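Student: I am new to this structure and would love a close look at how some of its parts meet. Could you walk me through the aromatic pairs and then the contacts between helices?

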Amino acid sequence: MSDILIVDDERDIRELISDILKDEGFETRLAANSDEAIGALNEREPSLMILDIWLKDSRMDGIDILKQVKRNNPDVPVIIISGHGNIEIAVAAIRQGAYDFIEKPFNIDQLMVVINRATETSRLRRENSTLRRGEGRSTEMLGQSVAFKRLRDGLDKVAKSNGRVMLSGEPGTGKELAARYIHAHSPRAQAPFVTVPCATIEPERMEEVLFGRESPERGVEPGLLEQAHGGIIYFDEVGDMPLGTQPKILRVLTEQQFIRAGGTDRVRVDLRVLSSTNRDLPTEIAAGRFRQELYDRLNVVPIAVPSLADRREDIGHLARHFIEHFHQHQGLTPRDLPEETVAALQSMRWPGNIRQLRNVIERVLILAEGPGAIQPAELEPQGATPENGDALSLGPQITSMALREARELFEREYLVAQINRFGGNISRTAQFVGMERSALHRKLKSLGVVGGARSDDEMVVGK
């Protein structure tokens, strides 16, 4: 049930309210003054707060506490109670963000009606926030191969615990889907799931994005850690986290608290941490690019997410799933997938793994000339190439070119892939490929690469 914080300087009143709420199945915490109230808020955010507006021997009165709650914990509904109620106090409380105002001595039935309405409003607000963050997306995992079953068994084992999990695997294998599967099957399933895209956040903004900030002009702006309070924080491609940020994250993992940029108050959070990487982190540690202590904290339960090459028997099942998905969500005409086409898909190289397979199916459906079955000949132009044989793996497009043209095509495709990997961030791309930023700009211009990253993980490429 909901956790309700009761703040009142009169012991009899707060204990009476607590007893009433416990009889209704609620959990309660009690505070007699502002310091105890703020401490309770920092320890764990309640789902509702009942706040007396007059607090004897307290550093702040109820209105001041209300202002701080609305600034730091805006999703917590606050019900104001007072034995000195009048219309001016009620209006002031509502203007500051109170959910409702009740005058002492209060009617128990009236109090319960207001509490039930407030908790329902809070629940709906959190659900809407969840939908805005995209947490309602499917967490269904598909496959029948031995490698897939081994993966799902491992995820099922760790889901019920609170342990930290590190997911490793090639790009496009579905590491984030695996993390969301853990979340959906964990005791925190109704709490937030917040992703930190370490590879695409500017290093100089990383700490502000994670910890949030405070300023007189804009007040409190919660960071991703605070948004994930009570739920799961997922560090996507944690190997790309700036070296200077790593010890601060290590401290958060140890203390479960931090200070916002520009602030002074400590913010307490209750988080489960999941992470993923496609890098060899022990090698990164040896090179001085990743901290051993952070690796040890994150890598409590390592789980390897298999590549598509290791689960080829799942390719037909996944491809048919994508066909149905694009029919349902984009209105694309569904097409049959005959066994000879499945065999062709299984013989292809998939360096982009499941993400690449998804893109190929989408393109085939978009470019279809009719509703007939998908033929093997439609696949190769989409970028996947046969697995066997070096000459065959080059494909006719490459082998018919002069060396200079083939080299330029490779460079263009390689750089486009890297730019997409880093979300269009030229500085990060240049650092990874070992080029100066200005040199990379010149190279892109000479290759005719223009535009930016798109939602389907492609670039707009032209001359």
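Tutor: Happy to! Searching the whole structure turns up 3 aromatic pairs. Keep in mind as we go that this is a predicted model.

Let's start with F211 and F258. Their rings form a tilted aromatic pair, with 5.5 Å from centre to centre and 45 degrees between the planes. F211 belongs to helix α8 (residues 206-211) and F258 to strand β11 (residues 257-259), so this pair ties together parts that are 47 residues apart in sequence. As for their surroundings, F211 and F258 are both buried.

Another pair is made by F410 and Y414. This one is stacked, at 5.9 Å centre to centre and with 20 degrees between the planes. Here both residues lie in one helix, α17 (residues 403-421), where they sit 4 residues apart, about one turn of the helix. F410 has 54% relative accessibility, so it counts as exposed. Y414 has 33% relative accessibility and therefore counts as partly exposed.

Now for the helices, with α13 in the leading role. Look first at helix α13 (residues 315-330) beside helix α14 (residues 339-347): their axes come within 9 Å and cross at roughly 110 degrees. The two helices are therefore roughly perpendicular to each other. Where α13 passes α14, the crossing is right-handed. On the α13 side you will find I315, G316, A319 and R320, and these meet E339, V342, L345 and Q346 of α14. Sorted by class, that contact holds 4 nonpolar, 2 polar and 2 charged residues.

Next, follow α13 to its meeting with helix α15 (residues 353-366). The axes of α13 and α15 come within 9 Å and cross at roughly 55 degrees. That angle makes α13 oblique to α15. The crossing of α13 and α15 is right-handed. From α13, the residues in contact are I315, L318, A319, F322, I323, H325, F326 and Q330, while α15 brings I354, L357, R358, I361, E362 and L365. By class, the contact between α13 and α15 has 10 nonpolar, 2 polar and 2 charged residues.

If you would like a place to rest your eye, try I315 and A319 of α13. Both take part in the contact with α14, and both also appear in the contact with α15.

Methods. Residues numbered from 1 in each chain as written. Predicted model: local features only at pLDDT ≥ 70, side-chain atom pairs only at ≥ 80, totals over all residues. Heavy atoms only, no water. Phe/Tyr/Trp six-rings, centres within 6.5 Å; stacked < 30°, edge-to-face > 60°. Buried < 20%, exposed > 50% of the residue type's maximum accessible area, 1.4 Å probe, protein only. Axes fitted to C-alpha atoms, helices over the stretch in contact; angles between N-to-C directions. Parallel < 35°, antiparallel > 145°, perpendicular 65-115°, else oblique. Left-handed = near helix turned anticlockwise from the far one by under 90°. Contact = heavy atoms within 4.5 Å. Nonpolar A, V, L, I, M, F, W, Y, C, P; charged D, E, K, R; others polar.
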